[in-house]
Amino acid sequence: MATQVLIINITRMGDLVQTGPLIDRLHREQPGVAIDLVVDRRFAPMAALLPGLRHIEAFDFEGLVETCRVMAKDVTALYRQVADWAQPLVERRYDRVINLTFNRRSGLLAACVGAPDIRGVAAARDGTTVVRNPWMGYFTDLHHYRRFNRFNLVDLYALGGSGHGPFAPLSLRVDPAATEWARTQIRDAGRSRQGAAGSLLVPQRESVDPRPLIGEPVEPRYWVAVQVGASDVTKAWRPAYFGRAMAILSRHVPVGFVMIGGQAETDAVRQAVAAYKAAEGSGPLRDVSGQTTVEQLVALLAECRLLLTNDTGPMHAAVAVGTPVVDISVGHVDFRETGPYGPGHWVVQPDIACAPCGFDQVCLHHTCKEHVTCDDVAALCLHALGAGPFPGHMRGVRVYASAVDDDGLAGYHLRAGREDAATRWYGEFWRRYWFEALTEQPSRLAPTVGPAPDAPEVRALFKELKPLAEVLVNRADALPSLCRRYPLPVETIRDTQAALRKDLQRALKLTVASPAFGPPTVALVRETHNAEEQGIVALALAQARAYATWRDRLAEVAAQVTEEPALGAGNKRAETEGCYARYEA
């Protein structure tokens with residue numbers, strides 16, 4: 001019988017599209033695998049466009065949440081409703097469940113369906129939630145040190161749900177009937193603007209004269225889709241700015257625009273269109289916002305030469321049908337996490353200290369949006385169309401070209417602007433470090449050059465931290481022996497745990513702001529709260545391992561960051577593992 005895998009992904013449309021490379025990786029890992037996907041009912045049409053699936057299981061999860069919120073039905077009854085719906089999934093006896101939705105409800109569903117191998121969030125036997133798989137754990141940690149993360153969500157899905165493998169692009173099927181509809185929309189837009197019959201041709205990629213057009217408008221050579229809205233207004237560039245950038249672009253190249261978006265975004269689209277007209281945009285424009293099916297939207301994106309957009313689900317859909325993207329990354333969006341995946345795309349990020357802001361922050365000024373100018377965006381779009389040089393004059397922003405790195409993962413190359421030296425150094429360092437630590441394979445990326453910019457501070461901090469780490473490891477190592485005694489020395493165990501917590505708080509204060517030691521400490525905290533072993537001895541061993549791993553990581557990092565191997569001397573990983581093996585025996 002073929003191996004069966006169930007993927008749970010029930011949050012957003014963009015996350016669903018980003019599942020594609022994981023599906024590809026699973027087929028490479030186990031040829032003949034049968035893959036099913038659980039989605040929210042709203043996203044079932046998009047899921048149907050993903051290649052490589054056997055079944056799509058849709059449920060009204062959004063309605064379930066709303067029912068819980070207004071307490072319209074007893075919670076126990078709601079859980080029974082979901083359990084009844086999931087019973088056929090339970091009976092399929094999946095070999096692996098991959099939960100890509102990081103909340104308690106999805107964890108309960110993953111545990112309910114069950115499998116020998118569950119990855120992602122799952123409900124533990126005591127009712128709490130645990131995160132299984134190191135890469136899924138990294139995903140939950142990275143929000144504490146976002147500015148150093150260099151892993152795209154797409155790669156984290158694939159690494160955690162399957163493993164390391166060759167690069168696979170996002171991919172969606174394009175419906176032929178929807179393609180005909182899309183071509184009609186664009187052809188009609190061209191006719192209405194030009195007053196003559198037109199046809200949609202595959203846009204030519206050769207350069208054109210970038211000088212302003214003179215005389216009567218000509219038939220568009222390029223069609224550009226524009227996504228003005230976003231699921232959260234904080235991560236959307238201002239609609240009027242989109243309109244002005246479109247108008248500027250239209251004066252330099254024969255271009256037409258297609259305005260896309262959901263029903264909730266039609267007002268923002270109207271603002272952009274009004275700004276386009278006020279700025280005397282010269283190209284034809286078609287507004288289909290709130291009027292497309294998912295199949296039509298995907299087909300329309302496939303017929304366009306470029307998408308100008310915020311970070312949205314349609315952005316990922318455009319990438320999946322091979323349409324280049326210019327992504328305006330503002331607000332709390334970090335393009336390294338959710339930006340356009342694979343080569344051929346462009347990202348504009350404001351160059352200000354607070355960008356991107358945290359998910360838990362409330363921004364009162366939205367200054368980042370003012371740093372992205374209409375002229376610069378138009379110039380970058382012109383270059384992305386192959387109709388102008390790269391605008392190296394851009395100021396107040398950072399511009400990145402998307403790429404695939406030597407490990408086969410998504411990457412972004414800085415093309416304009418500047419990056420903080422420490423952020424750049426540690427971003428490269430942690431990208432390589434976590435890849436090697438979690439895959440247990442050597443990275444093909446070049447090591448970071450020279451010590452970190454804050455190497456003297458790291459050296460001094462490690463001298464203070466090293467003896468504290470040893471104390472913590474020794475306390476944790478004592479617990480398995482204590483837990484094996486009979487009668488159980490409850491007071492001694494309680495006192496040891498209290499001392500352990502106190503010392504851990506001191507370690508947190510020392511490391512939380514450190515780019516060198518903060519990430520390993522975040523992982524330690526998660527790992528000590530993530531144990532689901534049965535029995536106090538097994539729990540104590542899991543905790544002791546977590547502290548030993550943390551100590552060893554501190555030593556490894558200190559040696560590499562300062563380029564002083566002596567700081568990493570005395571690594572006791574093999575010795576400690578041998579001790580744990582004896583305990584388990």
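A salt bridge, as the term is used in this talk, is a side-chain nitrogen of Lys or Arg within 4 Å of a carboxyl oxygen of Asp or Glu. The structure above is a predicted model, in which local features need pLDDT of at least 70 and side-chain atom pairs count only at pLDDT 80 or more, while totals for chains, interfaces and linings use all residues. Residues are numbered from 1 along each chain as its sequence is written, and side-chain values use heavy atoms, with hydrogens and water left out.

I begin with the charged pairs. Side chains of opposite charge can pair when their charged atoms come close. Over the whole structure, the search returns 32 salt bridges. I shall present three of them and one network.

In the pair of E303 and R183, the closest N and O atoms are 3.4 Å apart. This salt bridge links distant parts of the chain, with E303 in helix 12 and R183 in helix 9 (residues 176-194), 120 residues apart. Helices here are DSSP runs of H or I with at least four residues, strands are runs of E with at least two, and both are numbered from the N terminus. How buried or exposed are the two partners? E303 counts as buried because its relative accessibility is 14%, and R183 counts as partly exposed because its value is 33%. The cut-offs are under 20% relative accessible area for buried and over 50% for exposed, with partly exposed in between, using a 1.4 Å probe and protein chains only.

The second salt bridge joins D36 to R92, with 3.0 Å between the closest N and O atoms. Here D36 lies in strand 2 (residues 34-40) and R92 in helix 5 (residues 75-92), 56 residues apart in the chain. D36 has 0% relative accessibility and so counts as buried, whereas R92, at 23%, is partly exposed.

The third pairs R431 with D405, at 2.9 Å between the closest N and O atoms. R431 belongs to helix 17 (residues 421-439), and D405 sits in the loop between strand 13 (397-404) and strand 14 (410-416), 26 residues away. R431 is buried at 4% relative accessibility, and D405 is buried at 19%. Salt bridges with shared partners also connect E29, R96, D117 and R119 in one network.

I turn to the aromatic side chains. There are 27 aromatic pairs, where rings of Phe, Tyr and Trp (its six-membered ring) pair if their centres lie within 6.5 Å, and planes under 30 degrees apart count as stacked, over 60 as edge-to-face and the rest as tilted. Y138 and F151 form an edge-to-face pair, 5.4 Å centre to centre with 80 degrees between the planes. Y138 is in helix 7, and F151 is in the loop between helix 7 and helix 8, 13 residues apart. Both are buried, Y138 with a relative accessible area of 3% and F151 with 1%. Why is the pair of W425 and Y426 edge-to-face? The planes of these rings stand at 75 degrees, with the centres 5.1 Å apart, so the pair falls in that class. W425 and Y426 are both buried. These four residues belong to one aromatic cluster, formed by W135, Y138, Y145, F148, F151, W425, Y426, F429, W430, Y433 and W434.

My last topic is empty space. Rolling a probe the size of a water molecule over the atoms shows where empty space is left. On a 1 Å grid over the protein atoms alone, a cavity is a set of points where a 1.4 Å probe fits but cannot get out, and a pocket is an open set with protein on both sides within 12 Å along at least five of seven lines; lining residues have an atom within 4 Å of a point. Grid points are joined across faces, edges and corners, and a volume is the space filled by probe spheres set on the points.

The largest pocket holds about 1400 Å³. Its lining has 49 residues, with R12, M13, G14, S231 and K235 nearest the centre. Among the elements that supply at least two lining residues are helix 7 (134-141) and helix 12 (294-303).

One cavity of 30 Å³ or more is found, and the largest cavity has a volume of about 30 Å³. Its lining consists of V224, V226, A245, M246, L249, F257, L308, A378 and C381. Helix 10 contributes the most to this lining, with three residues. C381 counts as buried because its relative accessibility is 2%.
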